[in-house]
Amino acid sequence: SPNKTMQVAEALYAAGVLSYPRTETSAYAPGFDARAVLREHARHPVWGRTAGFLLARDKLVPGGGRRVGDHDPITPTRCVQRAELKPVEWRLYEYVVRHFLASLMGELRLRDITTEIRADLEDARAAAAAGIRDDDARNVVLVHRQVVVDEVGYAAAMPWVLRDVRAGGADGVEEVTLSEGDRVELSNVRVEPSMTERAGFLQEHELVSLMDAHQIGTDASMSQHIANIIDRKYVAVCDNDLREIVHRAPNDKRPRQIGRQLV
């Protein structure tokens, strides 16, 4: 949860591993020595090669961000190994380090290519076997989608970004080039029945984004606001099967009626 994340971040700050976490500033100060941080991490077994790649550059140009007059952005202040931290601490520490490295890299450039393929099912038996009526056999449109990475940019330090955009990996995917009028052969035709699914629940990171958009709280206080409405039983944190994942007393699992109405 955001509140637990903030508690872990404050513990890492107290241990001298991260800078002060309660900040809204996302742009580095003019005198910030990024190279000094990179040198300390250049021999790290997990991301040392990325840090070394950045050190080899003649000039480091951090990405945008803003300064609002409070503390500097969250950055690693000491290089540590996985064995030195608890698992939850390591996850947050690794994220901060990778985000720092990504902020010194270029943009991710990719192409999202969608191709429509009109299928002419001349074989009536094949169409029937696939559950397609004769009237529809000549009006089947297949959609082929691929994401091609031209410049990996900051995603080299944050590989999960490539998974989110379904790019396949840091080296991208082999581009399939199709042009209007090209003919392709269908090796197999089948119809898979499915049902529409209900909308997913509001996730906590989405709630944080909405709070930020509507200026509810600050980056330092949002996690506590969310913890408050959970503790006061206005909402419950659950998985997709409505199983609550925030521990409560056995007879105190459901939010109060006023909470359901507010949500």
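Buried means under 20% relative accessible area, exposed over 50%, and partly exposed in between. Keep those cut-offs at hand for the exercises below, which use a predicted model.

**Exercise 1. Get an overview of the fold.**
Task: find how many helices and strands the chain has, and in which pattern they follow one another.

Solution.
- Step 1. Count the elements: the chain has 9 helices and 2 strands.
- Step 2. Walk along the sequence, and the pattern reads α-α-α-α-β-α-β-α-α-α-α.
- Step 3. Look at burial: 29% of the 263 residues count as buried.
- Step 4. Look at how the contacts are spread. Among those between residues at least 6 apart in sequence, 67% join residues at least 24 apart.

**Exercise 2. Describe a helix pair.**
Task: describe how the axes of helix α2 and helix α3 cross, and list which residues make the contact.

Solution.
- Step 1. Start with what has to be found: two packed helices are described by the angle between their axes and the distance between the axes.
- Step 2. Apply this to α2 (residues 34-41) and α3 (residues 48-55), whose axes come within 8 Å and cross at roughly 140°.
- Step 3. Add the hand: this crossing of α2 and α3 is left-handed.
- Step 4. List the partners. R35, L38, R39 and H41 contribute from α2, while G48, A51, L54 and L55 contribute from α3.
- Step 5. Sort them by class, which gives 4 nonpolar, 2 polar and 2 charged residues in the contact of α2 with α3.

**Exercise 3. Check helix α4 and see what it packs against.**
Task: compare the expected span of helix α4 with the distance between its end C-alpha atoms, then find which of its residues are buried.

Solution.
- Step 1. Helix α4 covers residues 87-103, which is 17 residues.
- Step 2. The expected span is 1.5 Å times one less than the number of residues, so α4 should span 24 Å.
- Step 3. The end C-alpha atoms of α4 are 24 Å apart, which agrees with that expectation.
- Step 4. Now pick out the buried residues of α4: E89, W90, L92, Y93, V96, V97, R98, F100, L101, A102 and S103.
- Step 5. Find their surroundings: the buried residues of α4 pack against α1 (2-14), α2, α3 and α6 (160-164).
- Step 6. Zoom in on F100 in helix α4. F100 has a relative accessible area of 2%, so it counts as buried.
- Step 7. Leaving aside neighbours within four places in sequence, F100 is in contact with Y28, F32, A34, V37, L38, T75 and P76.
- Step 8. Take the pair F100 and P76: 24 residues separate them in sequence, yet their C-alpha atoms are 7.9 Å apart in space.

**Exercise 4. Follow two side chains in one loop.**
Task: for S19 and T23, find which backbone atoms their side chains reach.

Solution.
- Step 1. Place them: S19 is in the loop between α1 and α2, and T23 is in the loop between α1 and α2 too.
- Step 2. Classify S19, which is buried because its relative accessible area is 15%.
- Step 3. Trace the polar contacts of S19. Its side chain reaches the backbone oxygen of P73 at 3.2 Å, and a polar atom of that side chain lies 2.9 Å from the backbone nitrogen of T75.
- Step 4. Widen the view: beyond four places in sequence, S19 is in contact with Y13, P73, I74, T75 and T77.
- Step 5. Classify T23, which at a relative accessible area of 8% is buried.
- Step 6. Trace its polar contacts. The side chain of T23 reaches the backbone nitrogen of T25 at 3.1 Å, and a polar atom of it lies 2.6 Å from the backbone oxygen of H71.
- Step 7. Beyond four places in sequence, T23 is in contact with D70, H71, D72, P73, I74 and D219.

**Exercise 5. Inspect two positive phi values.**
Task: locate Q215 and K233, and decide whether each is buried, partly exposed or exposed.

Solution.
- Step 1. Q215 is in the loop between α7 (204-213) and α8 (222-231), and its phi is near 55°, a positive value in a residue other than glycine.
- Step 2. The relative accessibility of Q215 is 71%, so Q215 counts as exposed.
- Step 3. K233 is in the loop between α8 and α9 (257-262). Although K233 is not a glycine, its phi is positive, at about 70°.
- Step 4. With a relative accessible area of 27%, K233 is partly exposed.

Notes. Residues are numbered from 1 along each chain as its sequence is written. This is a predicted model: local features need pLDDT of at least 70, side-chain atom pairs count only at pLDDT 80 or more; totals for chains, interfaces and linings use all residues. Side-chain values use heavy atoms; hydrogens and water are left out. Axes are lines fitted to C-alpha atoms, for helices over the stretch in contact, and angles run from 0 to 180 degrees between N-to-C directions. Helices (H or I, at least four residues) and strands (E, at least two) are DSSP runs, numbered from the N terminus. A crossing is left-handed if the near helix is turned anticlockwise from the far one by less than a right angle, and right-handed if clockwise. Contact means heavy atoms within 4.5 Å. Ala, Val, Leu, Ile, Met, Phe, Trp, Tyr, Cys and Pro count as nonpolar, Asp, Glu, Lys and Arg as charged, and the others, Gly among them, as polar. Buried means under 20% relative accessible area, exposed over 50%, partly exposed in between (1.4 Å probe, protein chains only). A polar contact is a pair of N or O atoms within 3.5 Å; within protein, one must be able to donate a hydrogen and the other to accept it, and residues adjacent in sequence count only if both atoms are side-chain atoms.
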